[in-house]
Each structure stands twice: as structure tokens, then as C-alpha cells.
Amino acid sequence: MPEVKRYPNRLGIKGWLVGGKWGPERYLYFLHRVTGLGLLLYLLMHIVVVSSRAFGQEQWEWAMGRVSGPVFLVGEFLVFVAFVFHALNGVRLVLVELGILTGKAEDPVFPYRSSVNVQRPFMIVMMILAAILIVLGGYDFFVLVAH
Amino acid sequence: MSDNGVKDFVFRVRRFDPVKDDSPHYQDFKVPVKPGWTILEGLWYIKENMDSSLSWRSSCRMGVCGSCGMLVNGSPTLACNTQIRDVATGVLMLAPLPNFDIIRDLVPDLAPMFDKHTHLMPHIKRDDQEEMLEPTDQYWQSPEELDQFLQFSYCIKCGCCMAACPTFATDATFSGPQPLSQAYRYLIDSRDDAFKERKTLLGSGGVGPWRCHYAGECSTVCPKGVDPARAIQLMKRELVLDYLRLSKASKRKPAGLLPAEKRLGRRDDIPEAPPFTVEDAS
């Protein structure tokens, strides 16, 4: 049979955000990955900075001086935001992936009610909780600490 | 809008001709849409009146065969059971299902999905081959055991879930929601006797459920309410329980034949099958 030319149409990483009209859980999937990678990057940087203490007091103070200032305060707040979101969304994912929040198989009667609908109230609660913690954290970072 | 309810819609269709085009492009068609028209009827109107070269795949026209899956206004769905006025007000964007190679226009190459589906053994597997090939009676299965997989057995293999899956969008080795939901459908079937074999298969080469991180979009777009995401999470649960030696599915014996005292025999009001119309069919 002759080879038929095909056009590759895989969405790739850009498909996590664009390429379709998706529900909130799909965007949470994207955010969970991005925050996970961000926290991993922070962990590596943290190890590098803290390890400077092993080279003496002077090295430690020099390293700490490099990572202070308003830019790094915002950066630390972003780490906090990533941590709060990743932790609370992670709790939801653990419960979903153990089949606790998905519900049992049911008759598909239109309009269909899928496992996404079953876990959604918990997802909303987790996201509201994350938002509250982020606001409180922001108050602590930028108001209480600044004064 | 005219008196008989006809309203013009722009069908913005992603076109690709493998002979002439290097990459896909969009083409607009102005279609006079009657009330109640499905997207498939709009496509037929274009083919019969405007451009006979427009290609797509369709067959049953009633959401059963799974042929006409396509991306409609950014969401994978079936063209035959989606009414135009339900999803658009003036412009309708049509594209082939993403994550599959385009053969032509709205025709995706679904072969990789079927290969993955076949690889995960979508059939009952048990030792009594003689009974399987020449059944003497039905296997005994309770309604509760049936309910564990019935929802997932309605899959029509349209590929909409695969087009919506963000993991499959980046990882071609991932089995994807359609094959995995069907793997669970047989894993949990009480007539099946291949839990260990299926577990080994699902744990090898990253094809199993662990690359799924519950974006949930496969279940949202499924036109038959099959809920592949649920099947995959329940599969993970079963595999975790098996690891903890708590899984009932991995320990059970496959369903045997119906006990003699429960056999009802053939109902009198069901007529016998008609004789063969082809001589060598027997």
C-alpha cells in the first residue's frame, strides 16, 4: 500500500493551556505541574544557598546578601503561593486517584454526571482554602514583615 | 433569519490536502442552517452544494458508531449528535481531533488508539478455552458485579477522550483514556481470570494508569458518558489495594457457570433463530 502523507497534530505542551476549550480541572493539571517544577527549582536553589554556610561565616553572609531585597521577597511569596496550591490540590488528587472522590461506576443517563462532577465541590473548597491562605500569607509577607 | 427559521452560519473548517498542502489552513463556508440541523448535516450541505472535496468520517448519524468525532469550537465531540445552534451563534470552528495525525481535512488517523486498545487485552481471558469457544451455558454474574463495569462498556471508540487528554498530548507512549478505561472494564469483570497478567502489562513501559494525573477532560467530553477518568482512578485504586494485598478482584476466582438450580432454561416466547440463508454458514 502506498505511504499516505500525514500531518502531525499532537498538541504538545502548548496544548496544556491552548488548543481547546477546557474545564477547570485541566487547567489545575497544568498549574500543578508548573508549581511542582517551580518548587523543585526552589529546592535546588535553596540547597545551593544554604550550603554556603559550610564555607564559613563570611561566605554565608555574602550568599544571604545576594538573596535579599524586594525582588526576592516577591520570589519567596511566589514560592509560598506555589506551595499552598500544590499541597491543597495534591490532597485532592490523592483522594481522587485512590477512587475516594470519583464515586462508583453508574448508569450513563443523559445529562451525564461524571466523576469530575463528583469531585468538583471538594476541588472548589480546596481552591477557596488556598486563596484564603495565600491572602493571609500575602498580608504576613508584605504588611506585617514590612513593618 | 428568514421566516422558515433558516439562519446563516459560517463554518470555519480546518482543511488539509496531503497532495497539495504542506500544512493545514482554515476555509470559511456560509451555510443556511435550518432549525435542528446537526453539524454533520451542515457538513453534508457543504459537500453537496459548495465543495465536494471536503472530507470527514461518518457513518451511523446517531451517535453509535463513533466515526465523526471532531473538534467543535475547541471541544472534542461527535458531529452527528451535536446541533449547530446549541454550540454556536454565528461562527462554527471545525478541526480534526488533535493528538492524532491528520489524514485529510477532518479525518484523523485513529490507528494508534486502536493499537493501544488491542495491546491492553480488551477481552475476557480465562483458562477454560473449551467453554469459551463452545459455550454450554452462561457464566454466573450478579447485577452488582455487572454494575462495576457496565458504564465503561458503552465506549464507542470515537477518540474524543484521547483528543482532550493533556498527558497524551505530550506523551505518545501513554496509553490514554480510551484503552485504559477498557483495560479496567475487563480487569474488574468477575468472569475474567487474568488480573496478574493485566497488572504486569499495565506496569510495564509506562503504558499504565500512573501517567494520568486527572485533568478530567476525557470524562467531560465523552459523548456517551463512559467516564474514562473514573475507570482509570478506580484501576489505580485496585492496583494499590492489590499491592497492599487487600484487593478482592485479584484474589477472586473467575465466575463459573450458572448453578443448575438457578438455570431458568430457554424462554418459550423467544422464537428459534431462522435457518441459515447461506449454505456453508454452518
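Biologist: How many residue pairs are in polar contact between domain 1 and domain 2 of chain B?

Modeller: In this predicted model, three residue pairs are in polar contact between domain 1 of chain B and domain 2 of chain B, counting pairs in which both residues have pLDDT 80 or more. On the domain 1 side, S4(B) gives the most to the surface that touches domain 2, with four residues.

Biologist: And what residue classes make up that side of domain 1?

Modeller: The side of domain 1 of chain B that touches domain 2 of chain B divides into seven nonpolar and six polar residues, with no charged ones. The count of salt bridges between domain 1 of chain B and domain 2 of chain B is zero.

Biologist: Where do the two domains start and stop, and what separates their centres?

Modeller: Domain 1 of chain B covers 7–108 and domain 2 of chain B covers 111–261, and their centres, taken over C-alpha atoms, are separated by 32 Å. The contact takes 13 residues from domain 1 of chain B and 15 residues from domain 2 of chain B.

Biologist: What area is buried there, and which domain 1 residues lose the most?

Modeller: About 1000 Å² is buried between domain 1 of chain B and domain 2 of chain B, with carbon and sulfur atoms giving 64% of that area. In domain 1 of chain B, the residues that lose the most area to domain 2 are Pro76(B), Asn99(B) and Phe100(B), which together make up 49% of what that side buries.

Biologist: Switching to chain A against chain B, how many residues are in contact?

Modeller: On the chain B side 58 residues are in contact with 41 residues of chain A. The area buried between chain B and chain A is about 3800 Å², and carbon and sulfur atoms give 53% of it. In chain B, His213(B), Tyr214(B) and Arg230(B) lose the most area to chain A, together 18% of what that side buries.

Biologist: What does Arg230(B) meet in a salt bridge?

Modeller: The side chain of Arg230(B) meets that of Glu106(A) in a salt bridge, at 3.3 Å from N to O, and the count between chain B and chain A is three salt bridges. Across the interface of chain B and chain A there are also 26 residue pairs in polar contact, both residues at pLDDT 80 or more.

Biologist: Last one: is Ile124(A) buried or exposed?

Modeller: Ile124(A), found in helix H4 (residues 115–144) of chain A, has 41% relative accessibility and therefore counts as partly exposed.

Definitions and conventions. Residues are numbered from 1 along each chain as its sequence is written. Chains are lettered from A and ligands numbered from 1 in the order in which they are written. This is a predicted model: local features need pLDDT of at least 70, side-chain atom pairs count only at pLDDT 80 or more; totals for chains, interfaces and linings use all residues. Side-chain values use heavy atoms; hydrogens and water are left out. Contact means heavy atoms within 4.5 Å. Buried area is the accessible area (1.4 Å probe) that two parts lose on being put together, summed over both. A salt bridge is a side-chain nitrogen of Lys or Arg within 4 Å of a carboxyl oxygen of Asp or Glu. A polar contact is a pair of N or O atoms within 3.5 Å; within protein, one must be able to donate a hydrogen and the other to accept it, and residues adjacent in sequence count only if both atoms are side-chain atoms. Helices (H or I, at least four residues) and strands (E, at least two) are DSSP runs, numbered from the N terminus. Buried means under 20% relative accessible area, exposed over 50%, partly exposed in between (1.4 Å probe, protein chains only). Domain bounds come from an automatic or database domain assignment. Ala, Val, Leu, Ile, Met, Phe, Trp, Tyr, Cys and Pro count as nonpolar, Asp, Glu, Lys and Arg as charged, and the others, Gly among them, as polar.
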